[in-house]
Number of protein chains: 2
Amino acid sequence: MQSSFRFIKALARQDVDSTPVWFMRQAGRYLPEYRAIREKVGGFLGMCKNPQIACEITLQPIQRYQLDAAIIFSDILTIPDAMGLGLYFQANEGPHFKDPIRSMRQVQNLPIPDMQTELRYVMDAVSLVSHEFKNRVPLIGFCGSPWTVATYMVEGKSSKQFSLIKSMLYNEPATLLALLDKVTTTSCLYLQAQIESGANAVMIFDTWGGVLSPENYRQFSLRFMEKIVHYLKSNPITKSIPIILFTKQGGQHLKEMAQTGCDAIGIDWTVDIGHARQLVGHQVALQGNLDPSVLYATPENIEQQVKATLAQFGHGNGHVFNLGHGIYPDIPPEHVQAMIDAVRKYSPAYHQQGKVT
Amino acid sequence: MQSSFRFIKALARQDVDSTPVWFMRQAGRYLPEYRAIREKVGGFLGMCKNPQIACEITLQPIQRYQLDAAIIFSDILTIPDAMGLGLYFQANEGPHFKDPIRSMRQVQNLPIPDMQTELRYVMDAVSLVSHEFKNRVPLIGFCGSPWTVATYMVEGKSSKQFSLIKSMLYNEPATLLALLDKVTTTSCLYLQAQIESGANAVMIFDTWGGVLSPENYRQFSLRFMEKIVHYLKSNPITKSIPIILFTKQGGQHLKEMAQTGCDAIGIDWTVDIGHARQLVGHQVALQGNLDPSVLYATPENIEQQVKATLAQFGHGNGHVFNLGHGIYPDIPPEHVQAMIDAVRKYSPAYHQQGKVT
């Protein structure tokens with residue numbers, strides 16, 4: 001993992017001059033330039049599926065701010081969409097599937113999509129960004145965790161109680177496990193293809209792993225993320241690419257997550273990052289973890305919160321600064337600037353190189 | 001705390017013959033007899049405010065099942081309603097307030113409601129149940145945690161991101177602390193009045209404490225629950241009444257919760273109850289903690305899950321069986337029966353008396 005990128009170095013727990021910073025959903029609705037494109041192009045899915053547009057949106061926050069990483073503008077539901085479930089978005093309602101999965105027969109009939117045809121648009125967007133920004137900032141590719149993607153495939157939409165997939169978990173575990181296996185296989189190929197197209201790091205978003213009991217989390221979420229990690233780490237083309245796992249509300253599972261062989265763990269704000277560091281030791285880097293609501297605060301208060309988080313992590317390497325969840329759509333862009341400025345201002349003191357110069 | 005009630009004994013970690021069991025939202029929409037009353041009477045709030053109806057609904061699950069406790073049919077938002085915020089419910093949208101709290105001036109103008117007039121209907125319902133069921137099952141009184149109640153008072157409705165109250169937290173903490181103080185004072189009087197009206201135990205529901213960072217949880221939620229505990233425990237009339245604290249998604253705070261002086265902690269299903277028991281030792285009893293989704297499973301699978309939870313807690317006293325959250329409205333009532341049957345069947349083996357007989 002030799003790289004001059006601060007972000008890649010921090011993921012490898014190597015020396016950096018300053019804590020690298022990027023934000024989940026940094027390319028999104030809070031940016032006026034994003035809303036302008038969205039008004040012109042129309043729906044969210046149309047923007048994801050147009051590589052030129054996806055590239056432009058990916059680069060918007062990089063052009064506006066001094067960020068240490070870009071993340072490809074896409075969605076965790078591209079995989080089930082490519083499997084033929086008929087993804088569509090309704091205004092203010094989130095994603096829906098025309099044909100949700102409810103039976104073993106449906107699982108068995110699900111195809112493994114081809115990366116170079118059905119998911120070509122994602123690879124094209126990754127290639128475009130990668131060429132456009134080579135040697136400037138690293139690009140993060142991503143997928144959802146198999147459990148998280150499966151929740152949408154079974155429920156057919158966003159859920160609060162997860163009644164359908166949990167009924168399946170308790171009453172037809174074989175069906176759920178078969179579905180998770182298929183999504184896992186596809187996710188391995190999907191991340192590999194993104195890496196081959198130019199992604200410099202990958203992240204697995206387990207947005208809904210935190211709604212499971214510890215036992216079910218291990219069996220139905222973590223185990224499948226681990227399979228993806230093993231696949232990528234045992235493949236000569238992908239093994240040097242850092243992998244970040246992120247389970248929202250996963251504060252109780254950090255030790256087990258660190259043992260999967262991943263390079264870093266994303267943590268949300270319900271965890272003390274200093275405590276998290278004690279738990280995982282030198283096994284992995286940590287990414288996080290301010291409450292996205294801190295961006296509603298005044299720039300002065302944002303600065304205080306950044307200082308507190310840097311102090312909680314403490315001296316040394318292995319910290320990538322981020323929020324604990326995506327930026328909310330009604331955040332003022334100048335508050336994001338204030339957060340980046342504070343990381344740049346206060347983090348060098350926590351790094352050896354920062355202390356030497 | 002001398003009592004013959006299995007529930008009260010378990011909260012005091014005394015010997016019982018069988019693990020006591022009750023369910024959050026055991027009086028609710030999943031019961032056809034509840035839906036029948038609701039159709040006749042109309043809105044949810046009207047049912048809460050009619051002591052005869054509230055008493056009848058409280059007793060419905062007790063008449064149908066062999067439960068070890070009743071919980072008064074009411075709502076955590078009775079307090080802000082009595083403070084004049086104008087509570088109303090919209091179909092499928094949850095609670096709303098006509099006049100949410102946004103400024104220090106509004107906080108200062110908030111009255112402390114009188115328990116014997118503005119909140120008389122709650123005390124009357126508690127008295128009615130208490131008289132009707134004296135010596136049969138203990139009755140639980142309750143309130144929301146000050147933080148949880150304040151989220152509704154500031155946001156004006158249910159929230160996912162808590163943008164307004166978190167802006168207040170970061171930008172105007174004095175306003176939020178003043179609001180929490182006022183709700184805390186009222187909650188102390190409110191629980192005391194419920195106890196004086198006949199409640200045999202009280203529970204504080206901190207539904208939204210889990211959305212805070214550990215530091216903010218301590219400062220804005222736990223500290224105020226602790227004040228309520230101290231108030232009740234230092235008052236001769238209320239000191240012998242057991243207090244249960246429940247923070248949803250609070251698995252990372254169990255040790256600190258146990259140190260407040262409460263008698264028991266409610267835990268949700270994202271915690272391993274055996275691990276929780278190790279953490280809190282003999283300081284408190286534990287209440288929980290099956291995923292309410294388990295009730296979607298078949299009776300056979302429900303039985304397996306109950307067995308697993310009893311085994312996780314292990315031998316000895318101090319366990320009150322419950323779900324980790326309220327019963328969902330679309331659960332078949334016979335599945336609740338299956339869960340209770342399984343607790344009755346398998347729990348005696350974990351208790352000394354059970355082993356002797």
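The legends below describe close-up views of a predicted model.

**Figure 1. Chain A, overall fold.** Chain A contains 16 helices and nine strands. Its radius of gyration is 19 Å, close to the 21 Å that the globule rule gives for 357 residues, so chain A is as compact as a globular protein of that length. The C-alpha trace spans about 65 × 45 × 40 Å along its principal axes. Buried residues make up 54% of the 357 in chain A. Among contacts in chain A with a separation of 6 or more, 72% come from residues 24 or more positions apart.

**Figure 2. The two domains of chain A.** The domain assignment splits chain A into domain 1 (1–24 + 276–357) and domain 2 (27–64 + 69–266). Each domain is therefore written as two segments. The C-alpha centres of the two domains lie 24 Å apart. Across the boundary, 25 residues of domain 1 are in contact with 21 residues of domain 2. On the domain 1 side, the elements giving two or more residues are α1 (6–11), α13 (273–280), β8 (285–290) and β9 (319–323) of chain A. Strand β8(A) gives the most, with four residues. By class, this side of domain 1 has 19 nonpolar residues, five polar and one charged.

**Figure 3. The open sheet of chain A.** Seven strands of chain A form an open sheet with parallel pairing. Their order is β1-β4-β5-β6-β7-β8-β9. The edges are β1 (70–71) and β9 of chain A, and each pairs on one side only. Strands of a sheet pair through backbone hydrogen bonds, either parallel or antiparallel. Inside this sheet, β5 (residues 201–206) and β6 (residues 243–247) of chain A pair in the parallel sense over five bridges. A:F205 stands opposite A:F246 in β6(A).

**Figure 4. The largest nonpolar core.** This core has 240 residues. Those with the most contacts inside it are A:I140, A:A150, A:V202, A:I265, B:I140, B:V202 and B:I265. From chain A, both domain 1 (1–24 + 276–357) and domain 2 (27–64 + 69–266) supply at least three residues each.

**Figure 5. Surroundings of B:I140.** B:I140 is one of the residues with the most contacts inside the largest nonpolar core. What does B:I140 contact, leaving aside its neighbours within four places in sequence? One run of partners is B:A69, B:A70, B:I71 and B:I72. The others are B:A199, B:A201, B:V202 and B:M203. Among these partners, B:V202 is also listed with the most contacts inside the core.

**Figure 6. Helix α8 of chain B.** Is helix α8(B) enclosed by the rest of the structure or open to the outside? In α8 (residues 146–155) of chain B, 10 of the 10 residues are buried, so the helix is largely enclosed by the rest of the structure. The buried residues include B:W147, B:Y152 and B:M153. B:T148, B:T151 and B:E155 are buried too. B:G156 follows α8(B), and its phi is positive, near 85°.

**Figure 7. The contact between chains A and B.** Here 24 residues of chain B are in contact with 24 residues of chain A. Which element gives the most to the chain B side? Helix α9 (residues 163–171) of chain B does, with five residues. The chain B side that touches chain A has eight nonpolar, 13 polar and three charged residues.

**Figure 8. Cis peptide bonds in both chains.** Most residues other than glycine have a negative phi, and most peptide bonds are trans. The bond from A:G288 to A:N289 is cis, with omega near 0°. A:N289 lies in strand β8 of chain A. In chain B, a cis peptide bond joins B:G288 and B:N289, with omega about 0°. B:N289 has its place in strand β8 (residues 285–290) of chain B.

**Figure 9. Positive phi outside glycine.** A:F162 is not a glycine, although its phi is positive, about 60°. A:F162 sits in the loop between α8 (146–155) and α9 (163–171) of chain A. It has 19 C-beta neighbours inside 10 Å, so A:F162 counts as partly exposed. B:R25 has a positive phi near 60° and is likewise a residue other than glycine. The loop between α1 (6–11) and α2 (32–41) of chain B holds B:R25. B:R25 is partly exposed, with 19 other C-beta atoms within 10 Å.

Note on methods:
Residues numbered from 1 in each chain as written. Chains lettered and ligands numbered in written order. Predicted model: local features only at pLDDT ≥ 70, side-chain atom pairs only at ≥ 80, totals over all residues. Core = buried A, V, L, I, M, F, W, Y, C linked by C-beta atoms within 7 Å. Buried ≥ 20, exposed ≤ 12 C-beta atoms within 10 Å, placed from the backbone. Contact = placed C-beta atoms within 7 Å. Nonpolar A, V, L, I, M, F, W, Y, C, P; charged D, E, K, R; others polar. Rg over C-alpha atoms; globule rule 2.2 N^0.38 Å. Pairing = 2+ DSSP bridges.
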